[in-house]
Amino acid sequence: MKSSVLILFLLSIICTASCGHGEEDSFPTFPALPIPETLLLDNLLSFDYYHQRCPQLEQIIHTKLKQWVAKDHTLAASLLRLHFHDCFATGCDASILLNHEGSERRAEASKTLRGFQVIDDIKAEVEKSCPAIVSCTDILTAATRDATVLLGGPYWRVPYGRKDSRISNAKDAEMVPSGRESITTLLELFQSRGLNFIDLVVLSGAHTIGRTSCGAIQHRLYQGLNGTSSMPNPPLDDHYLDFLQRKCRCASGDYVDLDATTPTTFDSQFYANLQKNMGLLSTDQMLYSDPRTSPIVNSLIGTPPLFIHQFSASMVRLANIQVLSGLDEAGEIRTNCNFVNPYNN
């Protein structure tokens, strides 16, 4: 347990001098979060990939995203979820954006995803300035970073050069965690994608913002994890459980905040909620009770800035899962994020 805390502490030191919060009224220009050079070279990604061919890219993304979030603040959290679903299924390749029969986007597991229209709008604007240059994957990745900043979260530099997949299968959407797995299963899923137990705990912290439907948590409110108990397992605070059962009794279409305490603020309160048995999702609450992850949760509770710093590092790692790079013939630069390019049909 001590080693886990030490690892988290050392990782936080790496970020201390290099991560910051974005300013709401201007595009952030903070120092970069260090990323190993080998990671960028192996994937043929770079920070200056679009500097010559589309220098206005990040400003376009930031401006458009700010307009959308001003109209509907919940879209920021939706973009984080959309990005996670894209990367976790088959790698960060914008396969989640393809809209055809049998695609990930049309899968049952994806039916509550939102934010597609935001990416479409950004892509259309980018195409006006830089036609057939910028991938939908890179746009989704950068938009997710900017959405985090608009929520009050950290800023990090995004390396570019990802290509878009030409393939999307509904069955792959089932590979994304649903919130009902065991910690062992989650750890195995994360490790299979090059992520570790720290990434699991920290990326779960994205639930500091966002919502879920009452229908998605019925099992959490009325039965245990194995379906045999009448009480939630893992446990829920009695008062919180009473509130949730009253709110969700008649309207499964209603939504509940994932963070019951500070639902619109990007902070580490999510972890403090777990300490009080107020983890809405079973997988979230088990982070606090499992001995493999609880030391990290306790560190994030005791030192809140650690979450902000480590979230940047974990998001960079997430965005580099199985990317299609410049030499990969399986990818392309879509001109419309919803469809593969016509000449590849």
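This briefing covers the fold, one helix, selected loop residues and the internal cavity of a single chain.

The model is predicted, so local features are given only at pLDDT of at least 70 and side-chain atom pairs only at pLDDT 80 or more, while totals for chains, interfaces and linings use all residues. Residues are numbered from 1 along each chain as its sequence is written, and side-chain values use heavy atoms, with hydrogens and water left out. The chain has 14 helices and 6 strands; these are DSSP runs numbered from the N terminus, helices being H or I of at least four residues and strands being E of at least two.

**Whole chain**

- Of the 345 residues in the chain, 55% are buried; buried means under 20% relative accessible area, exposed means over 50%, and partly exposed lies in between (1.4 Å probe, protein chains only).
- The accessible surface is about 15000 Å², and carbon and sulfur atoms hold 54% of that surface; areas come from the Shrake-Rupley method with a 1.4 Å probe, and for residues only the protein chains shown count as cover.
- Among contacts (heavy atoms within 4.5 Å) with a separation of 6 or more, 75% join residues 24 or more positions apart.

**Helix H7 and its surroundings**

- Helix H7 spans residues 183-192, and its buried residues are Ile-183, Leu-186, Leu-187 and Phe-190.
- Seen down the axis of H7, these buried residues fall within an arc of 100°, so they line one face of the helix; the arc is that of the directions from the helix axis to the C-beta atoms.
- An α-helix has 3.6 residues a turn, so residues three or four places apart point the same way.
- Glu-188 and Ser-192 are exposed and sit on the face of H7 turned away from its buried side.
- The buried residues of H7 pack against three elements: helix H4 (74-90), helix H8 (197-204) and helix H12 (282-289).
- Gly-194 follows H7 and has a positive phi, near 80°.

**Leu-195, after H7**

- Leu-195 lies in the loop between H7 and H8 and counts as buried, at 4% relative accessibility.
- Leaving out residues up to four places away in sequence, Leu-195 touches Phe-88, Phe-190, Leu-203, Arg-317, Leu-318 and Ile-321.
- Leu-195 and Arg-317 are 122 residues apart along the chain, yet their C-alpha atoms are separated by 7.1 Å.

**Thr-283, in H12**

- Thr-283 belongs to helix H12 and is buried, with a relative accessible area of 8%.
- Its contacts, not counting neighbours within four places in sequence, are Gly-179, Arg-180, Glu-181, Ile-183 and Leu-186.
- The C-alpha atoms of Thr-283 and Glu-181 are separated by 6.4 Å, with their positions 102 residues apart along the chain.

**Positive phi in residues other than glycine**

- Ala-132 has a positive phi, near 60°, and is found in the loop between helix H5 (116-129) and helix H6 (136-150).
- Ala-132 is partly exposed, at a relative accessible area of 43%.
- Asn-277 also has a positive phi, near 60°, and is placed in the loop between helix H11 (269-275) and H12.
- Asn-277 is partly exposed, at a relative accessible area of 27%.

**Internal cavity**

- There is 1 cavity of 30 Å³ or more; a cavity is a set of points on a 1 Å grid over the protein atoms alone where a 1.4 Å probe fits but cannot get out, and lining residues have an atom within 4 Å of a point.
- The largest cavity holds about 30 Å³ of space, a volume being the space filled by probe spheres set on the points, which are joined across faces, edges and corners.
- The lining of the largest cavity consists of Thr-141, Trp-156, Arg-157, Val-158, Pro-159, Arg-162, Val-316, Ala-319 and Asn-320.
- By class, this lining has 5 nonpolar, 2 polar and 2 charged residues; Ala, Val, Leu, Ile, Met, Phe, Trp, Tyr, Cys and Pro count as nonpolar, Asp, Glu, Lys and Arg as charged, and the others, Gly among them, as polar.

Notes. 1 Å grid on protein atoms, 1.4 Å probe; cavity = no way out; pocket = protein on both sides within 12 Å on 5 of 7 lines; lining within 4 Å.
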